[in-house]
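Hi,

Here is the structure we talked about handing over. Could you open it and keep it beside you while you read the rest of this email?

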Amino acid sequence: GRHLKNGEIFLHTLSVPQGNYYSYTYPDYPFINHHWGTGAVFYLMERAAGFVGLHIFFIAVSVATLGVFLALGIREGSFAGALLAAIIAVPLVASRAEVRPEAMSYLLAGVFLGIIWNYLEGNIGKRWLWILPALIVLWVNSHIYFPFGFVLIALGSGEAAYRWLAQKRRDARERLQALALVGAASGIAALANPAGIRGILYPVKIFNNYGYRLLENQSVWFLDRVIGYPPSLYFKILFAGLVAACVFYFVRVWQKKETFSPFLILLALGMSFLGLTAVRNFALFGMFAIALIAIFLRSVNAKKGFPAQYYAGLVLVAGCLFVSLFVINPAFWDRYKDGGWGIGLRAAGSHGFSGAADFFLRESIRGPLFNNYDIGGYLIYYLFPGERVFVDNRPEAYPASFFQDVYVPMQEREDKWQEESARFGFNAIIFYWRDLTPWAQAFLARRVADPLWVPVYADEAAIVFVRRDGPNQSVITSHEIPRSAFRMAPNL
């Protein structure tokens, strides 16, 4: 929701929201909006075709991205390797299915990889490289992963230098010069963002101020120990496939049947590191793994004239693997039965998630409001500018001390809650009650038992409280939910 609001503000004011624009707690805290361009595109799609159209647009971008990596793998590598890797990667890519700006990074990374690799291989001329600076302008204003573009250009330059100096290839020097020139031009082009040089440097500084641990930034092994993260199964299988393909490639290099490529090896190592250290990179790893596995196995295609039965058998094996990993997976069917599949936004009511905001607006509930981290973007979309949020899901937009000394402690300790409630003067609470952090569940249990706070709305996602001695008395009269309607877990 916050991304749509960014797009709305930009297209109506031709300005990019900077600072902690949507929150009343730290409204002047410095924050660089690095994804405003995607927000504008999302907003235009939502205005033109609703959430259904926006969802279809996102699916189209995702499918196009898969097509870019798959086409590169098939053309430059092994058809069998590309197909098998893609079948395994699809569920992994689908683990990041939310409509988010990162989709633009996946697509642009695929385009960069395709242009640079095809140029190194002599399939295209250097004029194609000059698309990259233009794409950097788009990327730097769309998502914070734009440094991957520079990394790919640097890896391509390193590959050209290796071919020139180690392999004595005459054309490699010219390719190195062209890539270096395009890299410099891309660096200048990246300045075309609202924050200038600060916007370029922001990705390397963003984690300096993270005061809140995010699930998506945790490693595979950590989440397996804590909650058991279902997509990690697909990651481990694909990672094993990439390692096996890499070993096959090294054997071929040792046998002098393949030419060593630092570009491919460093890219495989880098993507593996990203996937292993943060599950938010699963989709990116999955896309790159398709192309890398296929290219590592490209000598499999050396024998021409495979019979049609070979491909039929390959498709059958891949189909069985897909069924066993994805369709039979209990998480797939649980989500289907829960109404979690469909196009667009769920309607209000049963299995609908606009209900809490609709209720807040319909009943003209007055703040200030307290909300938890997970629901911040939702509230920004529905309530801003009438109400600003206490917090939203941008750790970098708040001081680290805010999360460590205020936000978490006020949910863990009642004395801290009373202190901060008096300081901010909360009149309402909107809380995503599926927040599984231990402090969130303990906080909700205390609020339900607190006579000062009255639950007036609850659905399968959110719960709304208003203060009994505050300005929302009419809401209490009409909508108070008896405490007997709530059940507490024994440990709460």
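Below is a short tour of what turned up, going from strands to helices to single side chains.

Before anything else, please keep in mind that this is a predicted model.

Let's begin with the strands. Strand β2 covers residues 428-432, and four of its five residues are buried. On one side, β2 pairs with strand β1 (residues 369-371) in the parallel sense, over three bridges. If you want a spot to look at there, Phe-370 stands opposite Ile-429 in β2. β2 also pairs with β4, this time antiparallel, through five bridges. Within that pairing, Ile-430 has Val-464 of β4 as its bridge partner.

β4 has another neighbour, too. Strand β3 (residues 453-458) and β4 (residues 462-467) run antiparallel and are joined by five bridges. The link between β3 and β4 is a hairpin of three residues. One bridge pair to find here is Val-454 with Val-466 in β4. β3 is mostly covered as well, with five of its six residues buried.

Now for a helix. α3 runs over residues 79-93, and those 15 residues reach 20 Å from first C-alpha to last, close to the 21 Å expected. Where does α3 bend? Look at Ile-87: the bend there is about 30°, and a proline, Pro-91, follows within four residues. At the N-terminal end, Ser-78 acts as a cap for α3, with a side-chain oxygen 3.3 Å from the backbone nitrogen of Ala-80. Most of this helix is covered, since eleven of its 15 residues are buried. Among them are Ala-80 itself, Leu-83, Ile-88, Pro-91 and Val-93.

Two loop residues are worth a click. Asn-141 is in the loop between α5 (131-140) and α6 (147-165). Is Asn-141 buried or exposed? Its relative accessibility is 8%, so Asn-141 counts as buried, the cut-off being under 20%. The side chain of Asn-141 makes a polar contact with the side chain of Trp-36 at 3.0 Å, and the Asn-141 side chain also reaches the backbone oxygen of Ala-192 at 3.0 Å.

The other one is Thr-25, in the loop between α1 (2-13) and α2 (36-76). Thr-25 has a relative accessible area of 12%, so it is buried too. What I liked about this one is its partner along the chain: Thr-25 and Val-389 are 364 residues apart in sequence, yet their C-alpha atoms are 7.9 Å apart in space.

Last, the aromatic rings. A search of the whole structure gives 40 aromatic pairs. Take Tyr-145 and Phe-148 as one of them: the ring centres are 5.1 Å apart and the planes sit at 85°, which is over the 60 degrees cut-off, so this pair is edge-to-face. Both rings belong to buried residues, with Tyr-145 at 14% relative accessibility and Phe-148 at 18%.

There are also a couple of places where a charge sits over a ring. Arg-163 lies over the face of Trp-117, 5.8 Å from the ring centre. Likewise, Arg-175 has its charged end over the ring of Tyr-119, at 5.0 Å from the centre.

That's the tour. Happy to go through any of it with you.

Cheers

Definitions and conventions. Residues numbered from 1 in each chain as written. Predicted model: local features only at pLDDT ≥ 70, side-chain atom pairs only at ≥ 80, totals over all residues. Heavy atoms only, no water. Phe/Tyr/Trp six-rings, centres within 6.5 Å; stacked < 30°, edge-to-face > 60°. Buried < 20%, exposed > 50% of the residue type's maximum accessible area, 1.4 Å probe, protein only. Lys NZ or Arg CZ within 6 Å of the ring centre and 35° of its normal. Pairing = 2+ DSSP bridges. Expected span 1.5 Å × (residues − 1). Bend = angle between axes of the 7 residues up to and from the residue. Polar contact = N/O pair within 3.5 Å; in protein donor to acceptor, adjacent residues only side chain to side chain.
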